[in-house]
Amino acid sequence: MFASRFKRPTPAFLIAMLALFVALGGTAGAVATATVPLATRALVVENAEKLGGQTSAQIVAKAAQAPGPAASASGLITVKTQPAGSVPADNSLPAFSATCDAGSKVVGGGMSSDGAVVTFDSYPKGDAAWEVIVGNFGSSPANVSVYAICLK
């Protein structure tokens, strides 16, 4: 009695569904493959700006000229840590920063804490400083340190 209600799909229906999924998948794939090269170019441009337009070969050449026991790129990078202070447990959002030495450019940074602190934003502040905005959702104050990765 119930067998007549549920019929198997026809071959034409199956082919139409397959064509629909292929068509939709092809469009999504085309959008994704067009977006990836654009994002890659944007990342390369952003990194070039951080390095002052220098290529990797120019940075290696500059490292080879740097004085020290080993001429390497590690002599060009320093990490500046700034103990920023205490964040009260009142859900405020204070900003803290760490600054590079004169003549250096900031290329990255972050923060560390001994409490339940959440980073809301972390970004370069100009060419020579890194800033973080944090919130404390714990029940007691937390100490925060900010660090900046600097390129000489």
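## Lys80 and the rest of the chain

Let's start with Lys80: with a relative accessibility of 26%, Lys80 counts as partly exposed. Here, buried means under 20% relative accessible area, exposed means over 50%, and partly exposed is what falls in between (1.4 Å probe, protein chains only). Keep in mind that this is a predicted model, where local features need pLDDT of at least 70, side-chain atom pairs count only at pLDDT 80 or more, and totals for chains, interfaces and linings use all residues. Residues are numbered from 1 along each chain as its sequence is written, and side-chain values use heavy atoms, with hydrogens and water left out.

**Salt bridges**

Side chains of opposite charge can pair when their charged atoms come close. The structure holds two salt bridges, a salt bridge being a side-chain nitrogen of Lys or Arg within 4 Å of a carboxyl oxygen of Asp or Glu. Here they are:

| Acidic partner | Basic partner | N to O distance |
|---|---|---|
| Asp101 | Lys80 | 3.1 Å |
| Glu131 | Lys125 | 3.1 Å |

What does the pair of Asp101 and Lys80 tie together? Asp101 lies in the loop between S2 and S3, while Lys80 is in strand S1 (residues 77–87), so the bridge ties together parts that are 21 residues apart in sequence. Asp101 is partly exposed too, at 40% relative accessibility. In the other bridge, Glu131 counts as buried at 9% relative accessibility, whereas Lys125 is partly exposed at 47%.

**The overall layout**

The protein chain has two helices and six strands, and from the N terminus on they run α-α-β-β-β-β-β-β. Helices (H or I, at least four residues) and strands (E, at least two) are DSSP runs, numbered from the N terminus. Of the 152 residues in the chain, 17% count as buried. As for contacts (heavy atoms within 4.5 Å), residues 24 or more positions apart account for 64% of those with a separation of 6 or more.

**The disulfide**

There is one disulfide in the structure, meaning a pair of cysteine sulfur atoms within 2.5 Å. It joins Cys100 to Cys150, with 2.0 Å from S to S. This pair links distant parts of the chain, 50 residues apart: Cys100 is in the loop between strand S2 (95–99) and strand S3 (105–113), and Cys150 is in strand S6 (residues 142–151). The link is left-handed, with -85 degrees about the S-S bond. Are the two cysteines buried or exposed? Both Cys100 and Cys150 are buried.

**Inside and outside**

A nonpolar core is a set of buried Ala, Val, Leu, Ile, Met, Phe, Trp, Tyr and Cys residues joined through side-chain atoms within 4.5 Å. The largest one here has 15 residues, and those with the most contacts inside it are Phe96, Val132, Val134, Val144 and Ala148. S2, S3, strand S5 (129–136) and S6 each give two or more residues to this core, with S6 giving the most, five residues. Leaving aside neighbours within four places in sequence, Val134 touches a whole list of residues, including Phe96, Met111, Phe120 and Val144.

On the surface, Leu93, Val118, Phe120 and Phe137 form a nonpolar patch with about 380 Å² of accessible area together. Patches are made of residues with over 30% relative accessible area and no salt bridge: like charges are joined within 9 Å, and nonpolar side chains (Val, Leu, Ile, Met, Phe, Trp, Tyr) within 5 Å. Accessible areas come from the Shrake-Rupley method with a 1.4 Å probe; for residues, only the protein chains shown count as cover. Phe120 sits in strand S4 (residues 117–124) and is partly exposed, with a relative accessible area of 45%.
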